[in-house]
Amino acid sequence: MAENRGMVHLYWGEGKGKTTAAVGLALRALGSGLAVVMVQFLKSGQSGELEPLRRLGAAVFSGSGPVRFLRDMDENQRQETRKRHDRMLSQALRLPCDVLILDEACAAWEHGMVDESLLRRAVERSEKGCEVVLTGRRPAQWMLERGDYITEMRLHAHPYTGGTAARKGIEF
């Protein structure tokens, strides 16, 4: 393995904590003077961790308002969402960075909501010394094969199953 090669981190599974783990790594990197870029797929851009990351110097690309669940989108909305994702990822790849976080990349890949070659090119940044972080519920086989750090988050209990809605500052 080349000494300047970065690693690919994969946080996946049904349990809570995938994005939280990625953000924790971003905070550690920012605190050490590293450049962080984060791209969030299939999210509204309203989550509580984004503004603090920006204030600390991370470049964050995320949704621009309420986003519907994929199951609730018509074909035009799906196409527009994919275009937005491709545009965000293209912009992110123009920036130099030490850590690149691709939040919900697994779902974006699984549902065809991001260009395949663009996502693979993002992951290949690890070959040039960048740490690349992928999150999501069900990773593609190539993501599992490419991962250096692979952590599966398993759901054992969650208040949502008992009817508790997502809470600001905790789940988003």
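Leaving aside its neighbours within four places in sequence, with which residues is Leu89 in contact? Select Leu89 in this predicted model and display its surroundings: beyond those sequence neighbours, Leu89 is in contact with Val39, Phe41, Leu102, Val114, Leu118, Leu119 and Ala122.

**The nonpolar cores**

Leu89 belongs to the largest nonpolar core, which has 31 residues, and together with Leu102 it touches the most other members. To see where this core is drawn from, colour E1, E2 (36-40), H3, E4, H4, H5, E5 and H6, the elements that each give two or more residues to it. Next, select Ala22, Leu50, Val99 and Ile101; they are included in a second, separate core of 16 residues.

**Helix H5**

Proceed to helix H5, residues 116-123, where Leu118, Leu119, Ala122 and Val123 are buried. These four residues lie on the same side of H5, because they cover an arc of only 140 degrees around the axis. In an α-helix there are 3.6 residues a turn, so residues three or four places apart point the same way. Showing the partners of this buried side brings up E1, helix H3 (75-93), strand E4 (99-103), H4, E5 and H6, against which the buried residues of H5 pack.

**Strand E1 and its partners**

Select strand E1, residues 8-12, next. Five of its five residues are buried. Val8, Leu10 and Trp12 point one way from the strand, while His9 and Tyr11 point the other way. Add strand E5 (residues 131-136), which pairs with E1 in the parallel sense over five bridges; Leu134 of E5 is the bridge partner of Leu10. Then add strand E6 (residues 149-152), which runs parallel to E1 and is joined to it by four bridges. Here the bridge partner of His9 is Tyr149.

**Aromatic rings and arginines**

Which aromatic pair does a search of the whole structure find? Select Trp109 and Trp142: the search finds one pair, and its ring centres are 5.1 Å apart with planes at 70 degrees, so the arrangement is edge-to-face. The pair links distant parts of the chain, since Trp109 is in helix H4 (residues 105-110) and Trp142 in helix H6 (residues 141-146), 33 residues apart. Trp142 is buried, with a relative accessible area of 13%.

Keep Trp142 displayed and add Arg120, which lies over the face of the Trp142 ring at 4.4 Å from its centre. For the final stop, select Phe69 and Arg71: Arg71 lies over the face of Phe69, at 4.5 Å from the ring centre.

Note on methods: Residues are numbered from 1 along each chain as its sequence is written. This is a predicted model: local features need pLDDT of at least 70, side-chain atom pairs count only at pLDDT 80 or more; totals for chains, interfaces and linings use all residues. Side-chain values use heavy atoms; hydrogens and water are left out. Rings of Phe, Tyr and Trp (its six-membered ring) pair if their centres lie within 6.5 Å; planes under 30 degrees apart count as stacked, over 60 as edge-to-face and the rest as tilted. Buried means under 20% relative accessible area, exposed over 50%, partly exposed in between (1.4 Å probe, protein chains only). A charge sits over a ring if NZ of Lys or CZ of Arg is within 6 Å of the ring centre and within 35 degrees of the ring normal. Two strands pair if DSSP finds at least two bridges between them. The arc is that of the directions from the helix axis to the C-beta atoms. Contact means heavy atoms within 4.5 Å. A nonpolar core is a set of buried Ala, Val, Leu, Ile, Met, Phe, Trp, Tyr and Cys residues joined through side-chain atoms within 4.5 Å.
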